[in-house]
Amino acid sequence: MAPLYVRRAGRAGRDDGSVLLWSIAEGGRGARWRASTRLGDTLLWDLLLETGVDGRPGRLEITAPRGQFTLHPEADDRSAHGNVVMTDGVLPLAFEWSGHRWFASGGDPILAAAMCRALRSEVRVGESRHVPVLHVDATLSVRARHRAATRLEESRWVVEEAGEPAWELSLDDDGLPVFPAGALGDPASSAAMTWPLEVEEAG
């Protein structure tokens, strides 16, 4: 039997009135997450995260007002390289990496959700895992930090990082984020919803 790959998209309102759109397309070589945040017609943040079949991060791309950001671990799993392309030039990036490190951002719940999805087989209910991360902020600057992921219930997690608001996340049976309708903004215009990326044709 062919593996069942997850391909889904979703929408959720945020506390500042912006709207988060996200999607995941999973296949034989891993998954591709997309996420963007818009305020009205203005794009604030656009993200691409590629993960391997083991759920580990393979590539992160972000477009933000400052420029275009790219960072990826090297094949030896000991370093990560990339760059930030800006209107006044290119800033090269180079950081230490390991098989336990993750990407993070205080403004993006999808990175936290992807991390918790990957940790489901390792962290039991009531347990916590401290994860070294490369944290990308709104200016596309990067700092080495740590996050703590705690599994409160089978499908409920909290992700904490010094200096950042804690993310409390619920994941469904496929490990995808569940945003309660009306809980993160204007329920009339940006209630949380999900849709399949592929629609089966009627037989």
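## Helix, fold and salt bridges

In this predicted model, helix 1 has these buried residues: Pro 109, Ile 110, Leu 111, Ala 112, Ala 113, Ala 114, Met 115, Cys 116, Arg 117, Ala 118 and Leu 119.

Reader: How many residues of helix 1 are buried?

Author: Helix 1 runs over residues 109-119. It is mostly covered. The buried residues include Pro 109 and Leu 119. The count is 11 of 11.

Reader: Which residue caps the N-terminal end of helix 1?

Author: Look at the backbone nitrogen of Ile 110. A side-chain oxygen lies 2.8 Å from that nitrogen. The oxygen belongs to the capping residue, Asp 108.

Reader: What is the radius of gyration of the protein chain?

Author: The chain holds 2 helices and 14 strands. For 203 residues the globule rule gives 17 Å, and the chain comes close to that, so it is as compact as a globular protein of that length. Its radius of gyration is 17 Å.

Reader: What share of the residues of the protein chain counts as buried?

Author: A residue is buried when its relative accessible area is under 20%. The protein chain has 203 residues to sort this way. The buried share is 44%.

Reader: How many salt bridges does the structure hold?

Author: One of them pairs Glu 153 with Arg 156, with the closest N and O atoms 3.0 Å apart. Others link Arg 145, Arg 147, Glu 161 and Glu 164 in a network. In the structure the total is 14.

Reader: How many residues apart in sequence are the parts that Asp 174 and Arg 8 tie together?

Author: These two form a salt bridge, with the closest N and O atoms 2.6 Å apart. Asp 174 lies in the loop between strand 13 and helix 2, while Arg 8 lies in strand 1, so the pair ties together parts separated by 166 residues.

Reader: Is Asp 174 buried or exposed, or in between?

Author: Buried means under 20% and exposed means over 50%. Asp 174 has a relative accessible area of 31%. That value falls between the two limits, so Asp 174 is partly exposed.

Reader: Which residue meets Asp 46 in a salt bridge?

Author: The N to O distance is 3.5 Å. Asp 46 sits in strand 4, and its partner sits in strand 3, 12 residues apart. The partner counts as partly exposed, at 37% relative accessibility. It is Arg 34.

Definitions and conventions:
Residues numbered from 1 in each chain as written. Predicted model: local features only at pLDDT ≥ 70, side-chain atom pairs only at ≥ 80, totals over all residues. Heavy atoms only, no water. Salt bridge = Lys/Arg side-chain N within 4 Å of Asp/Glu carboxyl O. Helix = DSSP H or I, 4+ residues; strand = E, 2+ residues; numbered from the N terminus. Buried < 20%, exposed > 50% of the residue type's maximum accessible area, 1.4 Å probe, protein only. Polar contact = N/O pair within 3.5 Å; in protein donor to acceptor, adjacent residues only side chain to side chain. Rg over C-alpha atoms; globule rule 2.2 N^0.38 Å.
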